[in-house]
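Biologist: I would like a close look at one helix and what packs against it. Please set it in its chain, and then say how that chain meets its partner.

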Amino acid sequence: MGVEAAVVDVCVLYAVYAILALSMELEYGELGLPNFAKAAFFALGAFSAGALSARLGVILLGMDWEGAFRERSWFYATVVTREVARTPLLGAVILAVVIAVAVVAAALLGVLASYPTLRLREDYLAISLIAFSEIVRVAARNFDAIVGGTFGAGVVDVFAWAGSARYLVLLLFALGSLALSYTVYLRLSTSRYGRVLRSIRDDELAALTLGRDVWKLRMKTLALGSTLAAIAGVVYALYTGAVNPDDFTVGKTFVVVMMVVLGGRGNPLGPLAGAALYILLDKALSFAKHLVAIPVDVNYLSYIIFGVSLLAVLRWRPQGLMPEKPPLTLRKEVLLSYLRKEHARE
Amino acid sequence: MNLLLEAISYSSVLALASVGLSLCIITTRVSNFAHADYVVVGAYAALLFKALSGLHPYLSLPLAALAGGVAALLSYLLVFEPLRGRSIVTLMIASMALDLIIRSALQLFADHVQSFLGIFARGFVFRDITVQLGGLKLELLAVAAPLTSLFLLALLYFLLFKTRIGIRMRAVAENAELAEVLGVNVERTLSFSWFVSGALAGAAGVFLPLRFSVSPDSGSFILLTLFAAVILGGLGSLTGTLVASCLVGFTETLLVYGLSGLGVSTALRPLFAFSVIILTLLLQPRGLAGLWAAERRGVLPWVWRRR
């Protein structure tokens, strides 16, 4: 069980961070929009699981909620989980509602956050998004009707019906979400939409003069990226089984930005590689801790190593570990047919 | 009365730190997210001084300023000098990485201090001295913080406008290439201005533990308040930053006091700084400086992005 649990742990965390990095890649790598409120949209997904799963379960089971949310959410989450173990349908309904709410809320909030700020210059935009992200966190922390404030909230285990195979189902769910996100991202990136995004990144004025509605595209992209981040949040909350507002500090955003820059912005595989590097480093260090006596706290050491390696990449390899390549936007058959024609002419 | 003194000392500490940040932004165009960490470095220098010498932390002001200055100087030479000329967002990301590094290094430092010296290095506070002033009992902070702040800022003014190095600094801020052509050593000048800005932050760090409990990650709590002051002042204006930090300091202190009287939790305090940032950028993006600067120069927040 030990090894199995460790593998699941690494894979699920990887999936969460990779989805976040993908959404950052879409916004920052392709569009050049530094969405430093990523943690807030990540939090939104987790909050939607934390705030809704137990409440929804209680309503669906026809029970009455007694007492304050922050004190009782853990208790009711356990009660509903026990029920889910018997009726998988309940779990599926809860999961579907949580995801739907997370996606809609994130898209709406993405538009809301971007509407007034998108016309700002990049650095102002970044700072105001950071402020926005902190507002979300501090609000969730202090109004404990949302996710229990500093107490946190319990999340219903929607995969409880699988019994001992629960981890396997969770793993499949996480990797499935990642695969879906990656496919969506890749399709968008190689489509006309992706090309317009990159053209805005490289020269906004030129894109504007060629008739592109830059602000509308930005808003759309931010909403899309936020949706992806919210999905990562749902996966994360389901995995940890708990939601705590203080998990979603600006530090989380920094880590995701660093993954994208480290991996290589503009390259679809970049964020995947960046996230893998981060997780590997983190896990390798905490594993090394058991083997050799490191005289310092490993968590901080891994932050230092990660920060230093990012600075090194910025200095000596600014395009990231995997530089951007011109994407293949034509379908393979079309390309092949061109090649064949060339061949025939000769 | 106490409330007023509280507001004054808070604003003056804020002013010290945010003017330094503003200086960084003007000279190098780096929105330095690690700036608040120099404040914390200063606070830790003061803690070390107090633990080793047994004297009151007020006396550690020069040491703390030096520590903050050296931290800033190192971060310029090692990180921002090689990255000069990169895009604003790249510099921002670099400063985030730097913030992460300094904060983690401080955590490790706090661990070691805790185990070697046997003192609390997390969530520490300093006890203030109470002085008698004309029958009025005062905490020294209420006098020391504004005086130090005034003195250092006056010194900065003198430095910037009355000395050769100050003229060079302003020249580099205005147009680095032109200054270089005219024989100014840009790298040395920028190093100096980073040192100055870090030293101001380090000095502010001495006063911090007298009001708040300080931990290695305290930087994240003050960072956005500093940015609020800088942005409200209008990015790139020292006078604006100064006025804005007084404004932010006073309003925050009074507002927190007034609202807690109405039963609103003081835990909502950080929301104030964040709203200041967002509202300023929405309503008056040039900040306070935009109100009096007839000349439309400096950094415009709403411009076309073009590379």
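Modeller: What follows goes from the first helix of chain A out to the chain, and then to the contact with chain B.

This is a predicted model. Helix α1 of chain A covers residues 2-30. Take its packing against helix α7 of chain A, residues 166-189. The two axes lie 9 Å apart, at an angle of about 20°. Angles under 35 degrees count as roughly parallel, so α1(A) and α7(A) are roughly parallel to each other. Their crossing is left-handed.

Which residues make this contact? From α1(A) come E4(A), A5(A), V8(A), C11(A), V12(A), A15(A), A18(A), I19(A), L22(A), L26(A) and E30(A). From α7(A) come Y167(A), L170(A), L171(A), A174(A), L175(A), S177(A), L178(A), S181(A), Y182(A), Y185(A) and S189(A). By class, 17 residues of this contact are nonpolar, three are polar and two are charged.

Helix α1(A) also packs on helix α11 of chain A, residues 250-263. Here the angle is about 70°, and the axes are again set 9 Å apart. An angle from 65 to 115 degrees counts as roughly perpendicular, so α1(A) is roughly perpendicular to α11(A). On the α1(A) side the residues are Y17(A), L20(A), A21(A), M24(A), E25(A), Y28(A) and G29(A). They meet V256(A), V257(A), M259(A) and V260(A) of α11(A). This contact has nine nonpolar residues, one polar and one charged.

Now the chain around the helix. Chain A holds 14 helices and two strands. Its C-alpha trace spans about 75 × 50 × 45 Å along the principal axes. The radius of gyration of chain A is 22 Å; a compact globule of 346 residues would be near 20 Å, so the two agree.

An unreviewed UniProt entry lists "transmembrane region" for chain A at residues 6-28, 40-63, 89-112, 167-188, 222-242, 254-280 and 292-314. Two of these spans can be compared with the model. Residues 40-63 of chain A are 88% helix and 0% strand, with end C-alpha atoms 32 Å apart. Residues 254-280 of chain A are 81% helix and 0% strand, and their end C-alpha atoms are 18 Å apart.

Next comes the partner. Chain B has 12 helices and two strands. In sequence order the pattern is α-α-α-α-β-β-α-α-α-α-α-α-α-α. The C-alpha trace of chain B spans about 55 × 45 × 35 Å along its principal axes. Its radius of gyration is 19 Å, which agrees with the value near 19 Å for a compact globule of 307 residues.

For chain B, an unreviewed UniProt entry gives "transmembrane region" at several spans, among them residues 91-110 and 140-160. Residues 91-110 of chain B are 100% helix and 0% strand, and the end C-alpha atoms are 28 Å apart. Residues 140-160 of chain B are also 100% helix and 0% strand, with a distance of 30 Å between the end C-alpha atoms.

How do the two chains meet? The contact takes 38 residues from chain A and 42 residues from chain B. On the chain B side, the elements that give two or more residues are α4 (88-117), α9 (219-232) and α11 (269-283). The largest share comes from α4(B), with 16 residues. By class, the side of chain B that touches chain A has 32 nonpolar, six polar and four charged residues.

Technical notes. Residues are numbered from 1 along each chain as its sequence is written. Chains are lettered from A and ligands numbered from 1 in the order in which they are written. This is a predicted model: local features need pLDDT of at least 70, side-chain atom pairs count only at pLDDT 80 or more; totals for chains, interfaces and linings use all residues. Axes are lines fitted to C-alpha atoms, for helices over the stretch in contact, and angles run from 0 to 180 degrees between N-to-C directions. Helices (H or I, at least four residues) and strands (E, at least two) are DSSP runs, numbered from the N terminus. Angles under 35 degrees count as roughly parallel, over 145 as roughly antiparallel, 65 to 115 as roughly perpendicular and the rest as oblique. A crossing is left-handed if the near helix is turned anticlockwise from the far one by less than a right angle, and right-handed if clockwise. Two residues are in contact if their C-beta atoms, placed from the backbone, lie within 7 Å. Ala, Val, Leu, Ile, Met, Phe, Trp, Tyr, Cys and Pro count as nonpolar, Asp, Glu, Lys and Arg as charged, and the others, Gly among them, as polar. UniProt positions are given in the numbering used here, feature names are shortened, and annotations may be inferred rather than shown by experiment. The radius of gyration is taken over C-alpha atoms; the globule rule is 2.2 Å times the number of residues to the power 0.38.
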